[in-house]
There are 4 protein chains.
Amino acid sequence: MKANSVGIISRLDVKDPKGYIADMVKKLSYKVKLFLDPVTASLAGVAEATEIDEIYADLILIFGGDGTILRSLQLLPKPTPILGINMGEVGFLTVVDPETAFYMIDDVLDNYEVVERARLAVKLNDFELPCAMNEAVIITSRPAKISQFKIHVDGKFMEDFRADGVVIATPTGSTAYAMSAGGPILDPRVDGIIVVPLAPYKLSARPWVVPGESVVRLELMKEDKESMVVVDGQYTASVRKSDVLTFTRCDTPALFVKFGDKFYELVREKLGR
Amino acid sequence: MKANSVGIISRLDVKDPKGYIADMVKKLSYKVKLFLDPVTASLAGVAEATEIDEIYADLILIFGGDGTILRSLQLLPKPTPILGINMGEVGFLTVVDPETAFYMIDDVLDNYEVVERARLAVKLNDFELPCAMNEAVIITSRPAKISQFKIHVDGKFMEDFRADGVVIATPTGSTAYAMSAGGPILDPRVDGIIVVPLAPYKLSARPWVVPGESVVRLELMKEDKESMVVVDGQYTASVRKSDVLTFTRCDTPALFVKFGDKFYELVREKLGR
Amino acid sequence: MKANSVGIISRLDVKDPKGYIADMVKKLSYKVKLFLDPVTASLAGVAEATEIDEIYADLILIFGGDGTILRSLQLLPKPTPILGINMGEVGFLTVVDPETAFYMIDDVLDNYEVVERARLAVKLNDFELPCAMNEAVIITSRPAKISQFKIHVDGKFMEDFRADGVVIATPTGSTAYAMSAGGPILDPRVDGIIVVPLAPYKLSARPWVVPGESVVRLELMKEDKESMVVVDGQYTASVRKSDVLTFTRCDTPALFVKFGDKFYELVREKLGR
Amino acid sequence: MKANSVGIISRLDVKDPKGYIADMVKKLSYKVKLFLDPVTASLAGVAEATEIDEIYADLILIFGGDGTILRSLQLLPKPTPILGINMGEVGFLTVVDPETAFYMIDDVLDNYEVVERARLAVKLNDFELPCAMNEAVIITSRPAKISQFKIHVDGKFMEDFRADGVVIATPTGSTAYAMSAGGPILDPRVDGIIVVPLAPYKLSARPWVVPGESVVRLELMKEDKESMVVVDGQYTASVRKSDVLTFTRCDTPALFVKFGDKFYELVREKLGR
């Protein structure tokens, strides 16, 4: 595919002493229609800016870390292929460094492929929350206070346990919070949903992987404990006892510009130590 | 589907004081063409027996445990739907008890559905080993001696480690040896291959799940350690340093007669304690 | 030893439809000098009550669960042998049921032995927090937000990691929160301190056990994350970046009335499922 | 302490192209009474050699890896302080490189301190096996075949499980095989015995730490499975169903020459990846 219009988004508190972002803006301004989010516009000395939720472009460049991409995914008005450029340490979603990006960007815009990454639809009772790229975490609002959970998969009772919380993750999220909670590493191409109890108060709790097309249903069983659901570390909602959370495959996967395929290398490098 | 011919296989050392097997043979002899393996024929007082590798039937009843099914799967001459009847404790593959089986069998034979369970093709260099229903374990022949392994997935280097061995498992096998080695529990419908190091000599080893259509390639890196590959605890072959093991999806999945769906219940019951 | 004075403490929200507590008060009022905390006095219809922090007795009966004991340990004005009587499910510290306690109490008061259980002294900079019977948890105040920790043991750098938190536990606490975080089970007689990262963001984190006489020093490394330290789920204090937490053996161990020794049985029963 | 006589032991298959061992022999021959094991004598071109089990010296230098030390500990005729010099990668017991050892050895021999490291006495029925520096592993003789174990601690039933085996380890051994099996890392100063099931076939198995003065009793419960006990990877004995293995603190701890204290650094370096 070929991109005629490009959006550029930068991390809110980005530091760019070498001017990578301004250089990229200048270079691309000769080539394609550009939409700059306010942070990027300010860094590049451009007067006109577009809020993220109004950027309709063929392709989006994001300068920052994985968190910037997670936030943008919740704001963008339509599914758009993203190329993540890391402005600090390499991430699982921001795999290109700014110098490489600068030299490769012409080739990329002229001819790029798109990779789909499954996301998770999250419903709190009948209310739809943003889809999760990495995970939804359900956790007690008061840290270190245990709650009680009951999980059904496709209508079958799976498990109940007392725990600090539960992580429901995509394969992409298997290297993020789900990994910290003790989950397995999933190749992002696996079609599954990961369920990992967070600090469960029983010896036999184990991570699960269920089919990507499953309906995972989570109930909170304790009257007096207020909990919350956090989607991708970005969106938070309160959850109480009678509430039911439902997790299914999101209709719109995230789109990424294909750029090498270093998944196993990243796991060794980023998580190995 | 409707079965006109039925094979019956019994565990080699089966004990059947209540005569369940003889009763089943008698009941079915009025209804369908029967093929009895030698153990079953002997128990039922029938002269004519058929070796397992010559049983061509519409459906197979297996009296025994999961091990009997794993063994039969390696012997049967063609993929045939199996109904496992447990003659001791319930198993993940032998989910019906003999009394229930006796009362339900007419209905089952008249109208059964078949469930496919993915198996793993195992190649030692260019030599094809039997497909694995649960797992292939690669392990040093001298217990408690460490070996060194290197794993590639679809041509990408995944990980190397020193360990007692490696378990490469199907989702069905996630509740067998892979679970003991610390792997996650996979719903059998997930399309994936599980890779779990066995007693790895590094802190950062973690179970992996890769796509079901992957090519997993395992090399042994140590000159002086002889190892072996064990398929489903049934088939064993020696492995030496220059050898390469390759794991892919098996062309012929295992076929099971659908009989309830108690996967999550079984995990809680059988593995919970 | 023989008890001449007895304190009785009951859980704040205790339910006692069978009147076990009132019966015990009546029985003991003929035998020893009694001090009743306000909840107990109210349940027994006794006018005079003594606040927990003013109970000076030879022995304390606590009706409730492990939480009631953890709370009382922080309030009692001097180390006093405790006999925990469970008013719901059995606990690790409340091992006697109320009926058994009623029939055995005469024998106990006439001749009891005391078991010491090590506690952990917790210092936040120069400020002494209550000693921990089970554990101190250091955790980010906003759930599911990662922080960064650095740990020294006896002046030697042990490990640093990003995590939700850290659990520093006594052997007694090894069956409580430390177990949920993935720690080993320690026989309460082991002289050690357990250090377990909580949802660490690296693959190689592992639980540690260091000598009971060690000085464990924990620093928070992240500027912008507010955290808190929670002692036994009862006492909470805020922690910020420049703060240092120090853990050593507490000068005053907890004292328990010896009553059977069912540690391994309790682990199997309470945590096995 | 001051050493007047020194034994030198080298790994059976040691490679020493730079002549470190010969240099050390030459240097020390002017200073102390030397006892060279046959490998060392051959490398140093010295005619007279002493078998390891006849070396009575004040101090022993061992050139090799941890395995060489484990082997020597089983052969030496009396407890003697050991200084381990690594001839390849650094180990947990061989912490000095040969160049540093050469320059420091005069100071060491004139004034050294001894550190004790607890070992484990292992009894098979009434027969005493060599004490274990790291661990005793009980494992089925046929790899990947499960066995059944029952464990008592100080006469109390602790746990039974089906597993490939069990690791009973010292704190020193916590960074060796017990770590691979999923055990916690113990500071070597902790007074405890580690019990870790090896690939247990139940979800709730967890590592245990029991007091150093405990009596750990292990029974094999399965009739038909032959197993073996391996002490420190060096000594092997067969174990059958009626056999009972008993583990207690060894009367003679191992003695090491104090040389820095890099335990936590070694764990990070050697096991972190």
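Here are a few notes on how chains A and B meet in this predicted model.

1. Ground rules: local features need pLDDT of at least 70, side-chain atom pairs count only at pLDDT 80 or more, and totals for chains, interfaces and linings use all residues. Residues are numbered from 1 along each chain as its sequence is written, chains are lettered from A in the order in which they are written, and side-chain values use heavy atoms, without hydrogens and water.

2. Symmetry: chain B lands on chain A after a rotation of 180 degrees with 0.0 Å of shift along the axis, RMSD 0.0 Å (least squares on C-alpha atoms of residues with pLDDT of at least 70 in both). That is how a two-fold axis relates copies. The copies meet through the same surface, since 100% of the interface residues of chain B are also interface residues in chain A.

3. Interface: 30 residues of chain B contact 30 residues of chain A (heavy atoms within 4.5 Å). About 2500 Å² is buried between the two chains, 61% of it from carbon and sulfur atoms (accessible area, 1.4 Å probe, lost on being put together, summed over both). On the chain B side, B:Arg206, B:Trp208 and B:Tyr264 lose the most area to chain A, together 25% of what that side buries.

4. Charges: the rule finds two salt bridges across this interface (side-chain nitrogen of Lys or Arg within 4 Å of a carboxyl oxygen of Asp or Glu). One of them pairs A:Arg189 with B:Asp154, with the closest N and O atoms 2.9 Å apart.
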